[in-house]
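Reader: I am new to this structure and should be grateful for a close look at a single part of it. Could you please choose one pair of packed helices and describe what surrounds it?

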Amino acid sequence: GKSGVFVPHLTVGQCTSKGSVEDLKASASWEPSLSRCGDICLISRKGQDEPFEIHWRVELGTGKCEVSPAASSEAKAAAEHQTESAGRRNGHKFESMKSYLQKFVDSGVLAGYLNNVFFGERRSYLSLLNPWEHIVEWKELGYDEKIDQGFKSQWEMLLYAGSIAYPIIVERSAGTQMNPFQIKVKKVHTSAIDTASLCCANQSEIDTFGPEGGEPIKDALVLVDPTCPMSSAKIVSSALLGETFTSVVLSRDLHMYTGAAMKAALHAHSLFSCLQPESCDEKSKSDVAAEIRREFLGWAYQCGSCGFGPVLHGGCSSLIAHHGEHRTGGVVSNACPSCGWFSPSLDSWKEWDGTIPETFLVEKMSKIRNGRSESGCKNKDGPKLLQSKADMILRIIYSFRKIFAGGGNNNPIRSWYNELASRLVEWDLRFSTQDEVDGLVQVLIAVAACDDDVLENNEDIEAAFAPPVVLAIVNEACARAARKKFRMAAKGDNGKAKDLAAKRVTKMLGVTQESAP
């Protein structure tokens, strides 16, 4: 740069004269391009015609450093020190910061901005606190120390110390007492709640309802929050939330379960629930209205004349640019779909206030029922996955990976799920309880949250979802469902259950005493 000042830039071409620059600008076709940046390199060259030489390469995310063979011994020693300390700093990033940066992070301003920009001012609709404010409560409580001092019971602690979570509707069975994977998560709500307020409501026997309506909220799924991952991971893995609260959700008992299995079970079943298509018949108008508001509030507009909304104008600030343009499938219209009012300036359109006209709601429910997209085209793959639901799926996967990330390949839980995903690729189709697969949802979470090097390419992914694999999983699911049904009919008597199964199979196959071999 000029005067020796470094100006960050990206060189796309070099010209020897101003005329050449103009020719390049006139002839080049400038199109947006996306590239993945994994390293930052320190480079230099001796002359204008010499190639650049890489002196230092720093891997983003890990801090690992590499130096060129020609680098000085001092540079190599510094790089080795940087690489060795990178792993330690991953667990102590906060302590390594300068004091003013520590104050900035500790203030919650950064976490607040991330929460607002990426997640739309997400906070518990009970406590009205955002994720960072709940973390501050834990810090004041002293979660680095024993937090049972001053409390009469762990129930009392649960009422005091909470975390952002997401309401779930849980269906339990008698088998849940023995195996946490025997639960069923019927629904996952995407409006945030907090565990302390929920525990207070449950202890007071007060029904709590979310914006989505439906059944009262009694349980919640606690996830690692991406806006403050290290702090929330520590809280989610604490004895109070990671063990006690999770045990309450699974079995309504403070100490029924301990260990990683129950956290894995809740994550896996919640992920499975989020991936299930919802029919419009199962949704009330209030459910659909809540989903519309979550999806469009904050960036949709409403008509400046009749007030109809939501109207989507997020693609361009000049609404006249494509208005009336003929395209495949029809004519582009940026006018109000209700009264036809139009203004080319976004300033004339008001921000949508969340009011949903009855006609819009009916049309939305009809599209969901018929499996149609927002454009009205029939979706080949069924109903559209809402943005809020897609966000929840990614949150569950992210949280699972964060919770079981510690210890690298030496972490037995992480290694087991990676091995399960690898078995799918190799068509090693062993999914019974004798193979330590307590619930088939474990197969789903293994594929979704395994390490990046387990499913490295499209060929691995296709192999993991090949017809023989899917058929083996379906067969095991049917076998488990049949076993459960016969045992229930036999009231737990295994011998009687076996007899009932034999009678059912012989009848289904049409086998009689005379035709039996």
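Author: The following account treats one pair of helices, then the core and the other parts of the chain.

This is a predicted model, in which local features need pLDDT of at least 70 and side-chain atom pairs count only at pLDDT 80 or more, while totals for chains, interfaces and linings use all residues. Residues are numbered from 1 along each chain as its sequence is written, and side-chain values use heavy atoms, with hydrogens and water left out.

The chain has 19 helices and 11 strands; helices (H or I, at least four residues) and strands (E, at least two) are DSSP runs, numbered from the N terminus. Of its 517 residues, 35% are buried. Here buried means under 20% relative accessible area, exposed means over 50%, and partly exposed lies in between, with a 1.4 Å probe and protein chains only. Among contacts in the chain between residues at least 6 apart in sequence, 60% join residues at least 24 apart, where contact means heavy atoms within 4.5 Å.

The part chosen is the pair H15 and H16. Two packed helices are described by the angle between their axes and the distance between the axes. The axes of helix H15 (residues 412-425) and helix H16 (residues 441-449) come within 8 Å and cross at roughly 95°. Such axes are lines fitted to C-alpha atoms, for helices over the stretch in contact, and the angles run from 0 to 180 degrees between N-to-C directions. H15 and H16 are therefore roughly perpendicular to each other, a description that applies from 65 to 115 degrees.

On the side of H15, the residues that meet H16 are Trp416, Tyr417, Leu420, Ala421 and Leu424. Their counterparts in H16 are Gln442, Val443, Ile445, Ala446 and Val447. The residues of this contact divide into nine nonpolar, one polar and no charged. In that count Ala, Val, Leu, Ile, Met, Phe, Trp, Tyr, Cys and Pro are nonpolar, Asp, Glu, Lys and Arg are charged, and the others, Gly among them, are polar.

H16 is mostly covered, with seven of its nine residues buried. These are Val441, Gln442, Val443, Ile445, Ala446, Val447 and Ala449. The cover over the buried residues of H16 includes H15, H11, helix H14 (387-403) and helix H18 (467-489).

The loop between H15 and H16 contains Trp427. Trp427 has a positive phi of about 60° although it is not a glycine. With a relative accessible area of 44%, Trp427 is partly exposed.

Tyr417 links this pair of helices to a wider setting. Leaving aside its neighbours within four places in sequence, Tyr417 is in contact with Phe181, Ala264, Phe400, Gln442, Ile445 and Ala446. Tyr417 is also, together with Ile168 and Phe245, among the residues with the most contacts inside the largest nonpolar core, which has 73 residues. The largest share of this core, seven residues, comes from helix H11 (residues 260-274). A nonpolar core is a set of buried Ala, Val, Leu, Ile, Met, Phe, Trp, Tyr and Cys residues joined through side-chain atoms within 4.5 Å. A second, separate core of 18 residues includes Ile292, Phe308, Ile356 and Leu361.

Helix H11 also holds Ala261, which is partly exposed, with a relative accessible area of 38%. Leaving aside its neighbours within four places in sequence, Ala261 is in contact with Pro180 and Phe181. Ala261 and Asn179 are 82 residues apart in sequence and 9.0 Å apart in space, C-alpha to C-alpha.

Elsewhere, an open sheet of three strands has the order S1-S2-S3, with antiparallel pairing. Strand S1 (39-44) and strand S3 (65-67) stand at the edges, each with a single partner strand, so one side of each is left without a neighbour in the sheet. S1 and S2 pair over six bridges, and strand S2 (residues 53-59) pairs with S3 over three; two strands pair if DSSP finds at least two bridges between them. Ser44 stands opposite Glu53 in S2, while Val58 has Cys65 in S3 as its bridge partner.

Two loop residues complete the account. The peptide bond from Gly309 to Pro310 is cis, with omega near 5°, and Pro310 lies in the loop between strand S8 (301-302) and strand S9 (326-327). Glu205, in the loop between helix H8 (195-203) and strand S7 (219-222), has a positive phi near 55° and is exposed, with a relative accessible area of 71%.

Notes
Angles under 35 degrees count as roughly parallel, over 145 as roughly antiparallel, 65 to 115 as roughly perpendicular and the rest as oblique.
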